[in-house]
Amino acid sequence: MSTVDQQLEELQDKIVDEIPPDISVTEVKYEGPELVVYTRDPKQFAEDGDLIRSLASKLRKRITVRPDPDVLSTPERAREQIMDVIPDDAGVTDLDFHEDTGEVVIEAQKPGLVIGRHGSTLREITTEAGWTPEVVRTPPIESSTVSNVRNFLKQERDDRRDILEKVGRQIHREEMSDDEYVRITTLGCCREVGRASFILSTPETRILIDSGDKPGSDDVPYLQVQEALGAGAATIDAVVLTHAHLDHSALIPLLFKYGYDGPIYTTEPTRDLMGLLTLDYLDVAAKEGRTPPYDSEMVREAIKHTIPLEYGDVTDIAPDVKLTFHNAGHILGSAVSHFHIGDGLYNVAFSGDIHYEDTRLFNGAVNDFPRVETLVLESTYGGRNDYQTDQEDSEETLKEVINETYEDGGKILIPAFAVGRSQEMMLVIEEAMRNGDIPEMPVHLDGMIWEATAIHTTYPEYLRDDLKDRIFHEDENPFLADQFNHIDGGEDERKEVADGEQCIILSTSGMVTGGPIMSWLEHLGPDPDSTMTFVGYQAQGTLGRRIQSGWDEIPMPDSRGNGRNERLTLKMDTETVDGFSGHADRQGLEDFVRTMNPRPEKVLCVHGDERSTQDLSSALYHEFNMRTFAPKNLETFRFV
């Protein structure tokens, strides 16, 4: 008998000793980080609301209780019983029964009413019907991504359960080494922005944190997968993804091409956004005539292997490592990742990308941890003079630009990133129109913006508190405001909008590197009354940076498709409005460290150009008297 099987037997005996004698336990197994307990008496389990909490506390495990399939009522009977329990205004849209595990997935417009106070309605569902309920939100805006992910995971339930059982046995295996050390190897994003990737290793475990591309770079895009992983992706025990932006997520699917078969830990919205953005990444590569590094099947493998975690949940991901996610304030689902290693041996936090102050979309990044000895900190705006405009001033400037362009009779074109920046713009514009600060006019959303917005509304619990409350009430949901129009009619609709009434257009790509923004330039570029307004960072070498720098003649793909570029003369005005970044500026990064309690002993400044990482490293050293580093790629740091 393996040590894991022996461990499960011992756990089953402990559970039987702790629960009332009239409750049976037929099987105990691991599924990922959770301990799953099967019983012939699910109703009795549910009647005692404290029983599962008490067991989880005593066993120090996350516990799920499921009914033994032999005692289940029919789905038809259970449906009636469940609908009798759930309040009508919960807006249940679907019940999906899984007889092999005794679970029922309840999709509802208001999941909180299905859950009830402290889970009271969930317990009542099990008490009445015997099935174990799982609740998901019906997207207020229909999302093909969310729908496709949910349907795919439903189809792959058997495979996924096998994956989870395998992962569970890996997590709870016996420790093999008596050595003690913690190492961090920098695989990317050191003295550069993009290609984020790190290895956190102990004698027991190798964990990959992020695996991103460097858009616009000629470097081999999978350097860290082919070379820096040494013995290969199969030697990795777990992957942790801080957020879905491609400079952090683009190469996650590639790991499965090179032999990885383990879990990906991230938040639920990051999982969905990773699917959206990596599939688009493949599509863009194909359109540009580049060979994509992997195919869509690898994206599906990544989604199938994802284990979503919620903020604040302490989760075993290896025999000697616990992981906790905290809000990073950067984009939807972004997470500061805290690792507790060994039995109090060492603690490391990876900031990912953070925004320290509250924004319209998110609460500011969390920096309150029980312990952190080493912090790996992004430094995108860590340079000595990298201070951003106050957001309130930025919004006033944007409104001035819109009003002046409207008075001139022109249209406002805003290149925007689909995830994060576009939703921030939507909130600013919706409120300004509602308050009469700018004229009411149509706001057209082009590219992936509408789909990304739909994903935001599916997970309002990850948004700022007051915004979450508004989304819960359909008539107050700002993303459903009448002025927003999803461009889904292609070039014909763009031409119609360009020839029509005054309006605002939000379009990808945010750095004017391709996509629908090129069509809008063709339609509106020759109009001197219209304005192109940059609200996001324009990287060196991008067309956006060139236009921002004053280029008034730009190359455009030949509309006849003969492979030659034409020249387009820009007569439209250009404006830049700073202050809408999803990253903390220099002051925000310093404040993040200053207010940490306790403060870390060491800081590795990463994810910034050479000047930014070195400036921030020096400033933190002098201000807080801590050891700081601005590492290069492919360095290894040993702690303990």
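In the predicted model, the residues lining the largest cavity divide into 8 nonpolar, 5 polar and 3 charged. This cavity holds about 90 Å³ of space, and the count of cavities of 30 Å³ or more comes to 1. Its lining is made up of 16 residues, of which Phe-198, Asp-210, His-248, Gly-352 and Val-606 are the closest to the centre. Two strands, strand 9 (206-211) and strand 17 (374-378), each supply at least two residues of this lining. The largest share, 3 residues, comes from strand 17.

Attention turns next to an open sheet of 6 strands, in which the pairing is parallel and the order is 20-19-21-18-22-25. The edges of the sheet are formed by strand 20 (484-486) and strand 25 (573-576), each of which pairs on one side only. From one strand to the next, the twist averages 20°. Within this sheet, strand 19 (residues 443-446) runs parallel to strand 21 (residues 504-507), and the two are joined by 4 bridges. At the level of individual residues, His-444 stands opposite Ile-505 in strand 21. Helix 15 (residues 421-434) packs on the sheet and touches strand 19, strand 20 and strand 21. The direction of helix 15 makes about 165° with that of strand 21. As a general point, the side chains of a regular strand alternate between the two faces of the sheet.

An antiparallel arrangement is found elsewhere in the chain, where strand 13 (residues 315-318) and strand 14 (residues 321-327) pair over 3 bridges. These two strands are joined by a hairpin through 2 residues. Across the pair, Ala-318 stands opposite Val-321 in strand 14.

The length of helix 12 (residues 268-287) can be compared with an expected value. The expected span of a helix is 1.5 Å times one less than its number of residues. For the 20 residues of helix 12, the span should therefore be 28 Å, and the end C-alpha atoms are 29 Å apart, which agrees. In an α-helix there are 3.6 residues a turn, so residues three or four places apart point the same way. Helix 12 is followed by Gly-289, and the phi of this glycine is positive, near 80°.

Methods:
Residues numbered from 1 in each chain as written. Predicted model: local features only at pLDDT ≥ 70, side-chain atom pairs only at ≥ 80, totals over all residues. Heavy atoms only, no water. Pairing = 2+ DSSP bridges. Axes fitted to C-alpha atoms, helices over the stretch in contact; angles between N-to-C directions. Contact = heavy atoms within 4.5 Å. 1 Å grid on protein atoms, 1.4 Å probe; cavity = no way out; pocket = protein on both sides within 12 Å on 5 of 7 lines; lining within 4 Å. Points joined across faces, edges and corners; volume = space filled by probe spheres on them. Nonpolar A, V, L, I, M, F, W, Y, C, P; charged D, E, K, R; others polar.
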